[in-house]
Amino acid sequence: MEKIMAGRWKNDLTRADVTPKSLFLNRRQIMTGGGMMLGAGLLAPGLARAQGYSTDETPNSFGEISTYNNYYEFGTGKSDPAENADTLTIDPWTVKVDGLVDTPGDYSLADLTDGMTEEERIYRFRCVEAWSMVIPWRGFELADLLDKVGVQSGAKYVAFETALRPDEMPGVRFPVLDWPYREGLRLDEARHPLTIMATGIYDEPMPKQNGAPIRLVVPWKYGFKSIKSIVRISLVEEMPPTSWNMANPREYGFYSNVNPQVDHPRWSQATERPIGGGIFAKRKETQMFNGYEQDVASLYEGMDLSENF
Ligand SMILES: Nc1nc2c(c(=O)[nH]1)N[C@H]1C(S)=C(S)[C@@H](COP(=O)(O)O)O[C@H]1N2
Ligand SMILES: [Mo]
């Protein structure tokens, strides 16, 4: 196992220390069994570990990360996605890139990810329901993808859509949300180096319940901004509609930055419950921007964050 050389990462645990061994050794089987072929560069050995962005906190186990999920297309219970997401077909996978871009089109996953530099990044991840995890994602910066497709000058926002497959997604027959699941970022948020397109967790390809084959991760925002199983990325001029905001605008704003001072109408956002610590785990105080304040506060300078929640 590679150890860390420098930077903010001070954790000298190896993958094996924090991953149940069977899962750790299973990657090869999962890859062959699942028939999942990503772009050749993606699974190359010697994955670089991002030194500037990873947290030094101990990650949750692969088991925790892949069995306690929110993916309403597969049910609203935390264990539903792990139980039901198996039916999702992820190969082949096409992502439509459209709107204000130089090279719009239907990209195969291999074409979309070709040339991207993949790294492992360990990010704090916090749900608006006030639980949190620490997750070692594998992915690349969304900014690199945006550069590749060429963002035109009129674009101000990036809109994302999840696949909508009634035959494969038992949850979409319930009108919990207005499907397909939709999310959006302001262009400068999308271009921020903390914003990644993730294709795996630990050394595994992305589990389906976590949003295979490709999902967004925005660590300073509540988990629901991190949209899964993306099939469309649109560069647009106007702030795009987002599923949770459409469902309940009073509870879910466009920005959705983690903010201990702005409570969700139905529960406090001041503290969070780390998943995996057992019943004796202490709640933690939630940090502004989920602990990424130094990195991202400048994006919101001059904005009233209780208005723009
Ligand atoms: N398509 C889609 N993406 C989604 C969701 C969803 O229901 N559907 N849930 C969101 C919410 S509320 C959270 S907290 C995170 C959970 O990600 P995880 O299961 O990988 O931890 O996914 C987000 N992305
Ligand atoms: Mo969430």
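Which residue has a backbone N or O atom 3.2 Å from a nitrogen atom of ligand 1?

## Polar contacts of ligand 1

In this predicted model, the residue in question is Asn70, whose backbone N or O atom lies 3.2 Å from a nitrogen atom of ligand 1. Oxygen atoms of the ligand are also engaged: one is 2.7 Å from a polar backbone atom of Tyr72, and a polar side-chain atom of Asn210 lies 2.9 Å from an oxygen atom of ligand 1. Taken alone, ligand 1 exposes 540 Å², of which the protein buries 99%.

## The surrounding shell and pocket

The space that ligand 1 takes up is the largest pocket. Around the ligand there are 16 residues, and those that come nearest are Asn69, Tyr72, Glu73, Arg215 and Lys228. Sorted by class, this shell is made up of seven nonpolar residues, six polar residues and three charged residues.

## Aromatic pairs

A pair of aromatic rings is described by two quantities, the distance between the centres and the angle between the planes. The count of such pairs in the model comes to twelve. Among them is the pair of Tyr71 and Phe74, which is edge-to-face because the planes of the two rings stand at 85°, with the centres 4.8 Å apart. Both Tyr71 and Phe74 are buried.

Another of these pairs is formed by Tyr123 and Tyr292, whose ring centres are 6.0 Å apart and whose planes stand at 80°. Since planes over 60 degrees apart count as edge-to-face, the pair of Tyr123 and Tyr292 is therefore edge-to-face.

Technical notes: Residues are numbered from 1 along each chain as its sequence is written. Chains are lettered from A and ligands numbered from 1 in the order in which they are written. This is a predicted model: local features need pLDDT of at least 70, side-chain atom pairs count only at pLDDT 80 or more; totals for chains, interfaces and linings use all residues. Side-chain values use heavy atoms; hydrogens and water are left out. A residue is near a molecule or strand if one of its heavy atoms lies within 4 Å of it. A polar contact is a pair of N or O atoms within 3.5 Å; within protein, one must be able to donate a hydrogen and the other to accept it, and residues adjacent in sequence count only if both atoms are side-chain atoms. Accessible areas come from the Shrake-Rupley method with a 1.4 Å probe; for residues, only the protein chains shown count as cover. On a 1 Å grid over the protein atoms alone, a cavity is a set of points where a 1.4 Å probe fits but cannot get out, and a pocket is an open set with protein on both sides within 12 Å along at least five of seven lines; lining residues have an atom within 4 Å of a point. A molecule sits in a cavity or pocket if more than half of its atoms lie within 2 Å of its grid points. Ala, Val, Leu, Ile, Met, Phe, Trp, Tyr, Cys and Pro count as nonpolar, Asp, Glu, Lys and Arg as charged, and the others, Gly among them, as polar. Rings of Phe, Tyr and Trp (its six-membered ring) pair if their centres lie within 6.5 Å; planes under 30 degrees apart count as stacked, over 60 as edge-to-face and the rest as tilted. Buried means under 20% relative accessible area, exposed over 50%, partly exposed in between (1.4 Å probe, protein chains only).
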